[in-house]
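Colleague: Could you pick one loop in this model and take me through it closely, then follow the neighbouring elements outward? I'd like the cut-offs as you go.

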Amino acid sequence: MPAAIVVDLERYRLFLFEVEDGRFVRTRDFYVSIGKGGGDKRYEGDEKTPVGVYVVNEYLPGSRLPDMYGHGASPINYPNGWDRSLGRTGSGIWIHGTESANYSRPPLSSLGCVTLANEDFRSLEGRVEVGKTPVIVSRGITWV
């Protein structure tokens with residue numbers, strides 16, 4: 001089942017959309033933590049979460065990662081071609097879980113990643129396809 005992820009930086013929410021009866025339907029939403037510097041990443045080290053359209057380009061199980069990534073991580077392709085054309089730099093922007101000692105993190109507490117509770121990250125497994133699932137990160141969403 002194809003899926004898409006939409007992150008609303010203003011509301012600290014990640015929305016999962018899946019295809020049902022031939023159309024995209026919002027099926028889940030989760031609280032997330034974002035970069036300490038907020039959104040609109042411009043350069044390496046600014047601790048901001050990028051705004052744009054990306055794709056999940058890998059899945060890393062938590063067993064292969066330090067505890068800070070929790071149950072696992074799904075890196076995205078930041079910076080993409082558009083970001084590079086605008087002079088944006090940086091790397092290592094992931095959607096990932098939370099340290100085992102914590103349920104979740106405060107809203108502005110990552111180095112630019114999108115961080116979910118481990119339980120929430122687990123619920124994305126099987127719904128997110130490496131190389132196919134788009135990740136749309138927006139400053140805010142207006143629902144109509």
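Modeller: Let's start with D40, which sits in the loop between β4 (34-35) and β5. Strands here are DSSP runs of E with at least two residues, helices are runs of H or I with at least four, and both are numbered from the N terminus. Before going on, some ground rules: this is a predicted model, in which local features need pLDDT of at least 70 and side-chain atom pairs count only at pLDDT 80 or more, while totals for chains, interfaces and linings use all residues. Residues are numbered from 1 along each chain as its sequence is written, and side-chain values use heavy atoms, leaving out hydrogens and water.

Back to D40: its phi is positive, about 75°, although the residue is not a glycine. With a relative accessible area of 15%, D40 is buried; the scheme is buried under 20%, exposed over 50% and partly exposed in between, using a 1.4 Å probe and protein chains only. E47 is found in the loop between β4 and β5 too. E47 has a positive phi of about 55°, and it isn't a glycine either. Its relative accessible area is 30%, so E47 counts as partly exposed.

Now follow the chain into β5, residues 52-55, which is joined to β11 by four bridges, with the two strands running antiparallel. Pairing requires DSSP to find at least two bridges between two strands. One of the contacts to look up is V55, whose bridge partner in β11 is P134.

From β11 (residues 134-138) you can step across to β1, since four bridges pair those two as well, this time in the parallel sense. V6 is bridged to I136 of β11, and D8 has S138 as its partner there. As a general point, strands of a sheet pair through backbone hydrogen bonds, either parallel or antiparallel.

β1 deserves a pause. It covers residues 3-8, and six of its six residues are buried. In a regular strand the side chains alternate between the two faces of the sheet. Here both faces of β1 are covered: A3, I5 and V7 are buried on one side, and A4, V6 and D8 on the other. Besides β11, β1 pairs with β2 (residues 13-20), antiparallel and over six bridges; A4, for instance, has F17 as its bridge partner in β2. The β1-β2 hairpin has four residues between the strands, and Y12 takes a positive phi near 55° in it.

There is also an open sheet of four strands, with mixed pairing and the order β6-β7-β8-β10. Its edge strands, each pairing on one side only, are β6 (60-61) and β10 (114-115). Two bridges join β6 to β7 (residues 72-75), and that pair runs antiparallel; within it, L60 is partnered with A73. If you keep going past β7 towards α1 (81-85), the loop between them holds P79. P79 is joined to Y78 by a cis peptide bond, with omega about 0°.

One more buried acid is worth a click: D120, in helix α2 (residues 118-124). At 12% relative accessibility, D120 counts as buried. Its C-alpha is 9.9 Å from that of S104, and the two are 16 residues apart in sequence.

Zooming out, the protein has two helices and 11 strands. The radius of gyration is 14 Å, close to the 15 Å that the globule rule gives for 144 residues, so the protein is as compact as a globular protein of that length. That radius is taken over C-alpha atoms, and the rule is 2.2 Å times the number of residues to the power 0.38. The C-alpha atoms fill a box of roughly 40 × 35 × 25 Å along the principal axes. Of the 144 residues, 48% are buried. Counting contacts (heavy atoms within 4.5 Å) with a separation of 6 or more, residues 24 or more positions apart account for 56%.
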